[in-house]
Amino acid sequence: MSKPVVLIAEELSPATVDALGPDFEIRHCDGADRAALLNAIADVDAILIRSATKVDAEAIAAARRLKVVARAGVGLDNVDVAAATKAGVMVVNAPTSNIVTAAELACGLIISTARNIPQANAALKNGEWKRSKYTGVELSEKTLGVVGLGRIGLLVAQRMAAFGMSVVAYDPYVQPARAAQLGVKLLTLDELLAASDFISVHLPKTPETLGLIGDEALHKVKPSVRIINAARGGIVDEAALLSALKEGRVAGAGLDVYATEPCTDSPLFEFDTVVCTPHLGASTGEAQEKAGISVAKSVRLALAGELVPDAVNVQGGVIAQDVRPGLPLAEKLGRIFTALAGEVAQRLDVEVCGEITQHDVKILELSALKGVFEDVVAETVSYVNAPLFAQERGVEVRLTTSSESPDHRNLITVRGTLTSGEVVSVSGTLAGPKYLQKIVAIGQHTVDLAVADHMAFLRYTDRPGIVGALGRILGEAGINIAGMQVARAEEGGEALVALTVDGTIPAPVLTEIAEEIGATSARGVDLTD
């Protein structure tokens, strides 16, 4: 059996390949070479990239087998996440790999702009001893304004507080009480601009943050302020910063990122008070190794069919150990539901009951949804695109939970309302230490049937001779019955027979059975891949 193929499109730490292990075929290409990339990506299962490889809609369309795009770093500017999601491709990154490295660089830029270290170094190496020209300012008792108090912003705040700086921050998603616990005072953006001696930006690049520190903002700052951007290019408007420097409204800047990269020629470079580095935020050996190992582990999980905590386009997050065994059961219940319903439901309810609900079980809803569409659409259904299929078809999806489960330790039910108003449901549980998957209810009928690859469910009016007719027709077709459950609400009322068999029941055979017993519903289920 051939190994899954992993394409490494940029230079990564050797530890990355070690972390992947021997279970994959490893290929390499130059991701910056567009033609080479499109050719190499055609038949791979995963691609590992950094920032130079552009995985856009064209590349994703060319990758017929692609299951995961792994970015060995934090930013995803070079990945079309929406196109990947639509194609069912998981996108993962390494969100914590470079937070220390990025924070340390920002601190370095703050210190460098305060003390003119790079400029003085360059002058001295050029034979010039200019002590008075490079007189700087102390950081002690100055105010640092942190724009974005996320993980990196917080690390910068903590480190610069050790220099005796007073730290204020702007972040509308952080509560004042939480900021106070961290020793940081929250301000509005305008208040921060007016109060700060140094402003360090630590925001993601979004339509809302693009140009946030622009012309209007730079008219509200102290003329002695120094602006630091080691986050994403474009958050600080470079044209506005240029004007502010020319007009003396800003004293200096420390820049590691630019609106267009690589950037080797900018009018900002002409200012001796501007310290520039070529996007070194994640460029330490430690960060690269952490990022490579992190995404290698994510690729292993993704190609094994597992959910990945660092997947950016999958709902669910970290999965509790007690929840994991329920994932395949929920998916199979979704597939059984679709077979029983014979159509896409208008509304779908995933109900989870029992001890398991002490954990976050949102992922079970996603797993059931994946199963619901597995046999409905021609495309490959994944944890990534299952919600899109529901949205496109106008299916209202709802998760409900209850700690109460009188008959079973844990119970998962997939219930859907069809266009006719009919309600179809199937319930299952995991039994024993080996987590045996069992169906325990079909609608109002109680059953006790192990989930199998091949099953059939028939509804009919209760009367003698049905079991014999079933056995005869299946026997004549050479299909062996592995298990059978018969349930009825009352004598002579609606009855249900649930079968597990050793092979797929052909449609003509199922039709013959339905006609023979006068079934109101006859559905076969094949859970083989």
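These entries record my look-up of salt bridges and side-chain exposure in a predicted model.

**Basis.** I worked from a predicted model, in which local features need pLDDT of at least 70 and side-chain atom pairs count only at pLDDT 80 or more, while totals for chains, interfaces and linings use all residues. I number residues from 1 along each chain as its sequence is written, and side-chain values use heavy atoms, with hydrogens and water left out.

**Entry 1, overall count.** I searched the whole structure for salt bridges (a side-chain nitrogen of Lys or Arg within 4 Å of a carboxyl oxygen of Asp or Glu). The search returned 28 salt bridges.

**Entry 2, Lys130 and Glu128.** I found these two side chains joined in a salt bridge, at 3.6 Å from N to O. For exposure I applied the relative accessible area: buried is under 20%, exposed is over 50% and partly exposed lies in between, with a 1.4 Å probe and protein chains only. Lys130 is partly exposed at 34%, and Glu128 is partly exposed at 30%.

**Entry 3, Lys220 and Glu216.** I noted a salt bridge between these side chains, with an N to O distance of 3.4 Å. Lys220 counts as partly exposed at 31%, whereas Glu216 is exposed at 58%.

**Entry 4, Arg347 and Asp349.** I looked up the salt bridge of Asp349 with Arg347, where the closest N and O atoms are 3.3 Å apart. Asp349 is buried, with a relative accessible area of 5%, whereas Arg347 is partly exposed at 31%.

**Entry 5, a network.** I also recorded that salt bridges link Glu25, Arg27 and Asp43 in a network.
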